[in-house]
Amino acid sequence: MWKLKSSNDSIDPTQERSAACSRPYALITGASQGLGRALAEECARGGHKRVGMNLALVALPDSGLARVARDIEERHRVRVEHLEMDLTAPGSPEALHRWIRDKRLPVSVLINNAGVGYNRRFEDSTLRENESCILLNNLALVKITRLLLPELKHHSRGFVLNVASLAAFFPIPFMPVYAPSKAFIVNFSLALREEMRDTSVSVSVLCPNGIRTNGECQRKIAAHGFIGEMVSLNPDQVAAQAMRGLWAGKSIIVPGFINRVILAVGRHAPSSLVCPITSAFYGKTAGRRCPA
Ligand SMILES: NC(=O)c1ccc[n+]([C@@H]2O[C@H](COP(=O)([O-])OP(=O)(O)OC[C@H]3O[C@@H](n4cnc5c(N)ncnc54)[C@H](OP(=O)(O)O)[C@@H]3O)[C@@H](O)[C@H]2O)c1
């Protein structure tokens, strides 16, 4: 007599484990929450004729990263390694590289997502806030990319996705260091992309506007009312558009039609016009901490 198989019966766990073992890894920084976590889900899910990727996730200690790793591993049947570290601490990019090498993780996708910033007057900021912004958004990103590049080149296709922001294209009062740190990421990514043109490595830079990630960001989006809501997206929407753009080899990925219009128009406007607008917009929420 024929017995109907349940969906679980049809999966041979041994075959599945060995298939997962042979897959390449995506290394994602800042993956415990927000956009980083959504990007991890998107890589593990696969889709667009791609199988789910194994993951190597990094975030600050005590961020619940272990729980996130186990959860993704169980739901998507991929392998997920995780490392808790402060990427602004001296020597941490080198320690991250050693961890990848010692575990022999075949990393073909690098996603530099971790980033911080503050939204307040420069004269009210602390030296530590400014230092953390530059150390994480720029120095750690450059060092991790440099250290991982030889590994990425080993693969028939390697990818780098650097997370910047739409803020990268404008002078932004009340975010006087964050916005330039993201401009650095855009120009670094475009330059590296050109250098890698004849190699197997493709470099893209993601420039989102508001993302409804942590509570602070959501409160700020709400404070901007209708305009805030119109230009903002959920983390999974941004992650899906980011990965589509990355696989397609796009140079600059701006999620959301309205945000692409803002960039196209705003880029050519004189700073004498842009500054008062960005000042009014970001001055409204100044005083609260938020990465974007
Ligand atoms: N949210 C927005 O509106 C927006 C807009 C444009 C661009 N972006 C960019 O998108 C990226 C992600 O933003 P998000 O809103 O998802 O941020 P988030 O929710 O605050 O998450 C940031 C992630 O980075 C980790 N992280 C922070 N400092 C770190 C450090 N020193 N070392 C290692 N990991 C660290 C955090 O770990 P913990 O969980 O332990 O804190 C967390 O996993 C950032 O680069 C941000 O600038 C965000």
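1. Phenylalanine 174 is buried, since 21 other C-beta atoms lie within 10 Å, and the cut-off for that class is 20 or more. The residue sits in the loop that runs between strand 5 (158–163) and helix 6 (178–195). Its phi is positive, about 75°, although phenylalanine 174 is not a glycine. The model is a predicted one, and this backbone angle should be read as part of that prediction.

2. Aspartate 62 also has a positive phi, near 60°, in a residue other than glycine. Aspartate 62 belongs to the loop between strand 2 (54–59) and helix 3 (65–76). Is aspartate 62 buried or exposed? It counts as exposed, because aspartate 62 has 9 C-beta neighbours inside 10 Å and the limit for exposed residues is 12 or fewer.

3. On confidence, the average pLDDT of the chain is 92, and 91% of the residues score at least 70. Residues 1–9 are a stretch where pLDDT stays under 50. For residues 1–9 the model has one contact beyond four places in sequence.

4. The overall dimensions come next. The chain has 292 residues, for which a compact globule would have a radius of gyration near 19 Å; the value for the chain is 20 Å, so the two agree. Taken along the principal axes, the C-alpha atoms fill a box of roughly 75 × 45 × 40 Å. Of the 292 residues, 40% are buried. Among contacts between residues at least 6 apart in sequence, 71% join residues at least 24 apart.

5. The secondary structure consists of eleven helices and seven strands. Seven strands make up an open sheet with the order 3-2-1-4-5-6-7 and parallel pairing. Which strands stand at the edges? They are strand 3 (80–84) and strand 7 (252–253); each has a single partner strand, so one side of each is left without a neighbour in the sheet. Helix 5 packs on this sheet, where it touches strand 1 (25–29), strand 4 (107–112), strand 5 and strand 6. The direction of helix 5 makes about 165° with that of strand 4.

6. Strand 2 has parallel pairings with two strands. Five bridges join it to strand 3, and five bridges join it to strand 1. In the pairing with strand 1, tyrosine 25 stands opposite asparagine 54 of strand 2. In the pairing with strand 3, leucine 55 stands opposite valine 80. Six of the six residues of strand 2 are buried. The cover extends to both faces: Asn54, Ala56 and Val58 are buried on one side, and Leu55, Leu57 and Ala59 on the other.

7. Strand 6 (residues 201–206) pairs with strand 5 in the parallel sense over six bridges. Within this pairing, phenylalanine 159 has serine 202 as its bridge partner, and leucine 161 has serine 204. How much of strand 6 is buried? Six of its six residues are, so strand 6 is largely enclosed by the rest of the structure. On one side the buried residues are Val201, Val203 and Val205; on the other they are Ser202, Ser204 and Leu206.

8. The largest nonpolar core has 75 residues, and those with the most contacts inside it are Leu27, Leu55 and Leu57. Which element gives the most to this core? Helix 5 (residues 127–153) does, with eight residues. Of the three leucines named, Leu55 and Leu57 are on one side of strand 2, while leucine 27 lies in strand 1.

9. Leucine 27 counts as buried because it has 27 C-beta neighbours inside 10 Å, against a cut-off of 20 or more. Leaving aside residues up to four places away in sequence, leucine 27 touches Ala56, Ile100, Val107, Leu110, Ile111 and Leu148. Ala56 is one of the buried residues of strand 2. Leucine 135 is 108 residues from leucine 27 in sequence, and the C-alpha to C-alpha distance between them is 19 Å.

Notes
Residues numbered from 1 in each chain as written. Predicted model: local features only at pLDDT ≥ 70, side-chain atom pairs only at ≥ 80, totals over all residues. Core = buried A, V, L, I, M, F, W, Y, C linked by C-beta atoms within 7 Å. Helix = DSSP H or I, 4+ residues; strand = E, 2+ residues; numbered from the N terminus. Contact = placed C-beta atoms within 7 Å. pLDDT = per-residue confidence, 0-100. Pairing = 2+ DSSP bridges. Axes fitted to C-alpha atoms, helices over the stretch in contact; angles between N-to-C directions. Rg over C-alpha atoms; globule rule 2.2 N^0.38 Å.
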